[in-house]
Amino acid sequence: MGIPKQGRPKEEIFAALERFKAHDLDWKSGRVWAYVYNPGDEVREVVNRAYTMFLTENALDPTVFPSTLRLETEVVRMVADLLRGDENVVGHMTTGGTESNMLAVKTARDWARAHRPEVDRPEMVLPITAHPSFHKAAHFLGVKPVVVGINPETFQVEPEAMRAAITPNTILLVASAPNWPQGVVDPVPEIAAIAQEYGLLFHVDACVGGFYLSFLRQMGEPVPDFDFTVPGVTSISADVHKYGYAAKGASTVLYRNKELRRYQMFACAETPGYAVINPTILSTKSGGPMAGAWAILNYLGEEGFHRIVRTVHEATQRLIRGINEIPELRVLGEPVMCIFSFTSDQVNLFQLADAMARRGWYIQPQPSTPFTPRSLHVSVNYGNAHLVDTLLQDLREAVEEVKQAPPIDRERVQALVDWALQSPDPQAAFRQLRQTVGIEGTQLPQELALINEILDILPDHLADALLIDFFNDLYV
Ligand SMILES: *Cc1c(COP(=O)(O)O)cnc(C)c1O
């Protein structure tokens, strides 16, 4: 395919774009329990309009577009205030939680280069439940991730386990508020005390929880401490495009003070072209996500967010109760907000996810680890809160269906994987393995249970390789 020789009529273009969505899951009706955060049509329109108003403005250069400087600093101030930071707390808007977390690691690395030059192989200590973006940061930035297990009952990391993982090369501790897999908050004050004792930086990943938990606390609900009121917390990430309900491309990363934030920035006046000063990863960046974020914070206000959080919180409590009432299922740990996971000893959860997909729902499968059983992940938001009863009804049906269905033959799957692992030509064996489970070529797989089963059995580095090969084929 090339660029068409002659342009196409705009009606045709818009119709084609609409058609491209035909096979997407229907998020507007609320059937996707991940990825989409919908504040309702009316609020979304406000965000969309603000977003398109600033689509073309380039936040690369605040001297040319002071409007983007204003948008960004006002959003960051509002978030700093929400996270109970004082006037010294500063930060930036980024394109997402991944960028925010990567920047926090970059800042820690460069802070250590300046203040602890004896550290030549920097390490960061993170719970196994920390978001993959920290591993991505490690991979990109040359910082070694030192992964710590969690308490298999509460799914929180033990502060003493974090302490035990500290070495002379440690530059950063990481905790989640809450973690994505089970939605529980790590013991931030205890870890912060350890960070202070050792003179380490400490990042709290509140990407998914920063907004929700803070509003929940304002509403008088018990919320564990995780923000800037905890001495020893040196940076926090919070996504506006999750439970701040902004349009995608909007997150924040905040630092205790400017002294620290300085190490996030990059400047280059070395080339014959324009001097670059980039506080974040991108250079050219649209003002759209900033305007969308600014608009929703101002449009909803605390009151509007409290209304949304109340609805979502009630729906979540009802959903958790309803799932626990299904004899085959049980919710893991004590989730604090509106994300959680459930497991089963009786039904194959990967088959259950497929059975739900056939009913038009997306529920995210999670593999097992030495500390967590395999599970399905649910995130409730304003756009799906009204579907709790329908979801529960379908979940009950799907559990029965999976109980009747032929089970996945785990021994056969294990034998297949063992065969591939021991093959004299591992590359060919893995190609065949991918063919067998239907993740080869440019077709998207329909049934995912077998694929998830194999990914769960494979050693992590081989699962990573398999997934990379899959995408390497998928995107032609
Ligand atoms: C979603 C999430 C991230 C990553 O955010 P993206 O916006 O998807 O890049 C990081 N940490 C946690 C806890 C998250 O839930």
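Here is a short conversation between a visitor and a guide about the structure above.

Visitor: What kind of model is this?
Guide: Residues are numbered from 1 along each chain as its sequence is written, and side-chain values use heavy atoms, with hydrogens and water left out. Local features need pLDDT of at least 70, side-chain atom pairs count only at pLDDT 80 or more, and totals for chains, interfaces and linings use all residues, since this is a predicted model.

Visitor: Into which domains is the protein chain divided?
Guide: Domain bounds come from an automatic or database domain assignment. The protein chain is divided into domain 1 (50-296), domain 2 (302-346 + 354-404) and domain 3 (412-474).

Visitor: How far apart do the C-alpha centres of domain 1 and domain 3 lie?
Guide: Domain 1 covers 50-296 and domain 3 covers 412-474. Their C-alpha centres lie apart by 34 Å.

Visitor: Between which domains does the largest nonpolar core lie?
Guide: A nonpolar core is a set of buried Ala, Val, Leu, Ile, Met, Phe, Trp, Tyr and Cys residues joined through side-chain atoms within 4.5 Å. The largest one has 103 residues, and Phe342 is among those that touch the most other members. Helix α10 (residues 288-325) gives the most to this core, with 15 residues. Two domains both give residues to the core, so it lies between them: domain 1 and domain 2.

Visitor: How many residues are in the other core?
Guide: This core lies apart from the largest one, and its members include Leu103, Ala130, Ala138 and Leu260. Its size is 24 residues.

Visitor: Is cysteine 338 buried or exposed?
Guide: Buried means under 20% relative accessible area, exposed over 50%, and partly exposed in between (1.4 Å probe, protein chains only). Cysteine 338 has 0% relative accessibility, so it counts as buried.

Visitor: Why is the sulfur of cysteine 338 without a bond to the closest cysteine sulfur?
Guide: A disulfide is a pair of cysteine sulfur atoms within 2.5 Å, and the structure holds zero of them. For cysteine 338, the closest cysteine sulfur is in cysteine 207, which is too far for a bond because the distance is 14 Å.

Visitor: What is the arrangement of the aromatic pair of tyrosine 37 and tyrosine 243?
Guide: Rings of Phe, Tyr and Trp (its six-membered ring) pair if their centres lie within 6.5 Å; planes under 30 degrees apart count as stacked, over 60 as edge-to-face and the rest as tilted. By this rule the count comes to nine aromatic pairs. Tyrosine 37 and tyrosine 243 are 4.9 Å apart centre to centre, with 85° between the planes, which makes the pair edge-to-face.

Visitor: How many residues apart are tyrosine 37 and tyrosine 243?
Guide: Tyrosine 37 is in the loop between α1 (10-20) and α2, and tyrosine 243 is in the loop between β6 (235-239) and β7 (251-255). Helices (H or I, at least four residues) and strands (E, at least two) are DSSP runs, numbered from the N terminus. Along the chain, the two tyrosines are apart by 206 residues.

Visitor: With which residues is valine 46 in contact?
Guide: Valine 46 is in helix α2 (residues 41-53), and it is partly exposed because its relative accessible area is 25%. Contact means heavy atoms within 4.5 Å. Leaving aside neighbours within four places in sequence, valine 46 is in contact with Ala295 and Tyr299.
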